[in-house]
Amino acid sequence: METCKICNGDQDSKHYEGYNICTECADLMEDLMSEYFLRTLKYEGSDTKTGYMKYLESGRQFISDYQRIRKHSKNHIKHMEEHVREEMQKNPEGGKQRYLERLLQTINWLERCPEFYNYYFKKYYVCPGCGASIFDHYNKQDVGDWLMITCSKCDTVIKKYFSPKFVN
């Protein structure tokens with residue numbers, strides 16, 4: 001059995017091809033990535049420029065939306081680490097303490113392996129149904145305990161997250 005690259009525990013199953021990450025760390029990674037995914041979409045979609053300025057900005061496109069995914073990854077890591085450390089200073093007990101410690105390990109691993117963002121989001125930067133950019137065409141909605149990200153053009157589910165813990 002291989003060991004998890006994040007917590008050094010036993011890797012019980014394969015969640016991310018090419019990355020040895022155990023189930024618990026994979027669950028934490030989903031929490032982190034859902035928060036990042038929504039922040040990235042929100043930030044990228046909040047362009048208030050109009051007219052000619054917007055035209056000039058759109059003319060200076062990224063090589064692909066795939067590369068846009070990591071644009072704010074360093075800020076995300078810093079933000080999440082600060083948030084987790086603040087929560088840890090409140091002296092949480094039991095399961096919450098363990099959750100925060102493991103989440104911090106996962107954040108630190110992401111900082112050392114920022115290429116994971118591109119790996120993780122390789123299927124989510126465009127709609128699998130119509131090919132539209134998720135940065136320009138997405139909806140989010142709560143459906144029970146799930147947060148659904150769908151394409152606003154064709155309503156295809158792009159990604160769903162179970163009970164994200166730090167989504168604003």
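**Salt bridges around helices α1 and α5**

1. Let's start with one pair: Arg 102 and Glu 24 join their side chains in a salt bridge, with N and O 3.0 Å apart. This pair links distant parts of the chain, since Arg 102 sits in helix α5 and Glu 24 in helix α1 (residues 23-44), 78 residues apart. Keep in mind that the model is predicted.

2. Are the two partners buried or exposed? Arg 102 counts as buried because its relative accessibility is 9%, and the cut-off for buried is under 20%. Glu 24, with a relative accessible area of 30%, is partly exposed.

3. Now look at helix α5 itself, residues 94-112. Its 19 residues should span 27 Å at 1.5 Å a residue, and the end C-alpha atoms are 28 Å apart, which agrees. Buried residues in α5 include Tyr 99, Leu 103, Ile 107 and Trp 109.

4. Helix α1 also reaches a strand: Glu 30 forms a salt bridge with Lys 159, with 3.5 Å between the closest N and O atoms. Glu 30 is in α1 and Lys 159 is in strand β3 (residues 157-162), so the pair ties together parts 129 residues apart in sequence. Lys 159 is buried at 11% relative accessibility, while Glu 30 is partly exposed at 23%.

5. Another pair stays within α1: the side chains of Arg 39 and Glu 35 meet in a salt bridge, 2.0 Å from N to O. They are four residues apart, so about one helical turn separates them. Glu 35 is buried at 2%, whereas Arg 39 is partly exposed at 33%.

6. Finally, salt bridges with shared partners join Glu 24, Arg 98 and Arg 102 into one network. How many salt bridges does the structure hold? There are eight.

Methods:
Residues numbered from 1 in each chain as written. Predicted model: local features only at pLDDT ≥ 70, side-chain atom pairs only at ≥ 80, totals over all residues. Heavy atoms only, no water. Helix = DSSP H or I, 4+ residues; strand = E, 2+ residues; numbered from the N terminus. Expected span 1.5 Å × (residues − 1). Buried < 20%, exposed > 50% of the residue type's maximum accessible area, 1.4 Å probe, protein only. Salt bridge = Lys/Arg side-chain N within 4 Å of Asp/Glu carboxyl O.
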